[in-house]
Each structure stands twice: as C-alpha cells, then as structure tokens.
Amino acid sequence: HTPRVAAALRLSLGASLISAIINAVFGLLVAWVLVRYDFPGRRFFDSLVDLPFALPTAVAGIALTTLYSSNGWVGSRLLALGINVAYTPVGIVLALCFVGFPFVVRAVQPVLQDCPPEVENAASTLGARPGQVFSRILWPQIFPALLTGAALSFARALGEYGSVVFIAGNMPLKTEILPLL
C-alpha cells in the first residue's frame, strides 16, 4: 500500500496495456502485409519479426537505450523536437512493444494464411464493399487470434525486466517498474 508500489503497479499495468494495444494494431498490419503481398525482401522482413525472440532481453534494453538516449542516433533527433524517450514511460512502452510484437504477428499470420482470398473475391463480386468484406468475412476469423496475440503481448510486457531495466532509469515513483521492485 505504499506510494512507491502503487506507482510501479500503475506504470507497469498501464505501459503493458498501451504496448499490447499498439502491438495489436501494428501486428495485424504487419501480418496482413506478410501474408497478402509478395515483395522483394519479404522473407527477410518476416524473419526480423522474430528478432525479439532470439535477442537476449538485456541486449535489447542496452540497444534501445543506446539508440534513444539523449546522445543516441534517434534520441538526439527526437530531443531536438522536444521528445525525450530514454528514462521516461515512453521508453518503457517502446521496450515493451519491442518484446511483445512477435506474439501478435505470429498469432494472426497463420489465421490470415488460412483465409482464402477467393472468399474475399467472391464477396466483392457479389457487391460487398471492402469494409464489409473485412468486417463480415475476415474480422470474425482474425479477432480471436488477434485477442490471443494481444493477451500474450500484455503478459510478456507485464513481467518483462531485461529490456526495460536499462531504458527505464528505475527512478522511484517515476520510472520504476513492478518486476524490478
């Protein structure tokens, strides 16, 4: 019941929820592009999705901190715009998005592969608009997988320590996460 624990709990739950929502949106988009479009480098891009699984989380945290700190490649440019990422809740959400992203893509991708494009084409031929095709044919099939991927992303984010501990700064009542506390 101490303020420090309450702040860490709010930060961890909030950042995990925000990262799960972001991962759900962008994970669905990436899975859609990987399944529905053929482009040069698609297999390489598909393999990059699994990078957070292969990379030790502490290495990911150090890399993110190096990139987004005030003197990092990306962080220095963002700081010029008045956006500070490292040692803020924004950096925590960024790290949690990184580690949870593959869960959504890998949950949605096989479902999209099992949805034959011929059914979508048939619906379009019968007069369905693109929004109707998505909402009535694809969404009922995709939604359970998307929800599963988002739940896995949330669970991974809630207990994540390695990638967050470096970029968070671990300042009590500001950027201290629950797994560290």
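Ring pairs link W32, F134, W139 and F143 into a cluster. I start there, and the rule for a pair comes with it: rings of Phe, Tyr and Trp, the last by its six-membered ring, pair if their centres lie within 6.5 Å, with planes under 30 degrees apart called stacked, over 60 edge-to-face and the rest tilted.

Before going on, a word on what is on the screen. This is a predicted model, in which local features need pLDDT of at least 70 and side-chain atom pairs count only at pLDDT 80 or more, while totals for chains, interfaces and linings use all residues. Residues are numbered from 1 along each chain as its sequence is written, and side-chain values use heavy atoms, with hydrogens and water left out.

Back to the rings. The count by the pair rule is 4 aromatic pairs. One of them is F53 with F103, edge-to-face, at 5.1 Å centre to centre and 80 degrees between the planes. F53 sits in helix α3 (residues 51-54) and F103 in helix α6 (residues 89-114), so this pair ties together parts that are 50 residues apart in sequence. Helices here are DSSP runs of H or I with at least four residues, strands are runs of E with at least two, and both are numbered from the N terminus.

Is F53 buried or exposed? F53 falls between the two: it is partly exposed, at a relative accessible area of 43%. Buried means under 20% relative accessible area, exposed means over 50%, and partly exposed is in between, with a 1.4 Å probe and protein chains only.

Why is the pair of F134 and W139 called tilted? The planes of F134 and W139 stand at 40 degrees, with the ring centres 5.9 Å apart, so the pair falls in the tilted class. F134 is partly exposed at 30% relative accessibility, and W139 is partly exposed at 31%.

W32, from the cluster, also has a charged neighbour. R36 lies over the face of W32, 5.2 Å from the ring centre. The rule for that asks for NZ of Lys or CZ of Arg within 6 Å of the ring centre and within 35 degrees of the ring normal.

Next, the overall layout. The chain has 9 helices and 0 strands. The C-alpha trace spans about 60 × 40 × 30 Å along its principal axes. Of the 181 residues, 38% count as buried.

Now the salt bridges, of which the structure holds 6. The criterion is a side-chain nitrogen of Lys or Arg within 4 Å of a carboxyl oxygen of Asp or Glu.

Which residue does E176 pair with? E176 forms a salt bridge with R4, and their closest N and O atoms are 2.6 Å apart. That pair links distant parts of the chain, with E176 in the segment after α9 and R4 in helix α1, 172 residues apart. E176 is buried, at a relative accessible area of 5%, whereas R4 is partly exposed at 39%.

R156 and E160 form another salt bridge, at 3.0 Å between the closest N and O atoms. R156 is partly exposed at 23%, and E160 is buried at 6%. R42 and D38 also meet in a salt bridge, 3.5 Å from N to O. Here R42 is partly exposed at 29% and D38 is exposed at 71%. Finally, D46, D50 and R106 are linked in a network of salt bridges.

On the surface, L17, I18, I21, I22, V25, F26 and L29 make a nonpolar patch of about 630 Å². Patch residues have over 30% relative accessible area and no salt bridge; like charges are joined within 9 Å, and nonpolar side chains (Val, Leu, Ile, Met, Phe, Trp, Tyr) within 5 Å. The areas come from the Shrake-Rupley method with a 1.4 Å probe, and for residues only the protein chains shown count as cover. I21, one of the patch residues, is found in helix α1 (residues 3-36).

How many disulfides are there? The structure holds 0, a disulfide being a pair of cysteine sulfur atoms within 2.5 Å. As for cysteines, C97 is buried at 12% relative accessibility, and C115 is buried at 3%.

Last, two backbone points. Y87 is not a glycine, yet has a positive phi of about 65 degrees. Y87 lies in the loop between α5 (73-80) and α6 and is partly exposed at 39%. L173 is not a glycine either, and has a positive phi of about 70 degrees. L173 is in the segment after α9 (162-168) and is exposed, with a relative accessible area of 53%.
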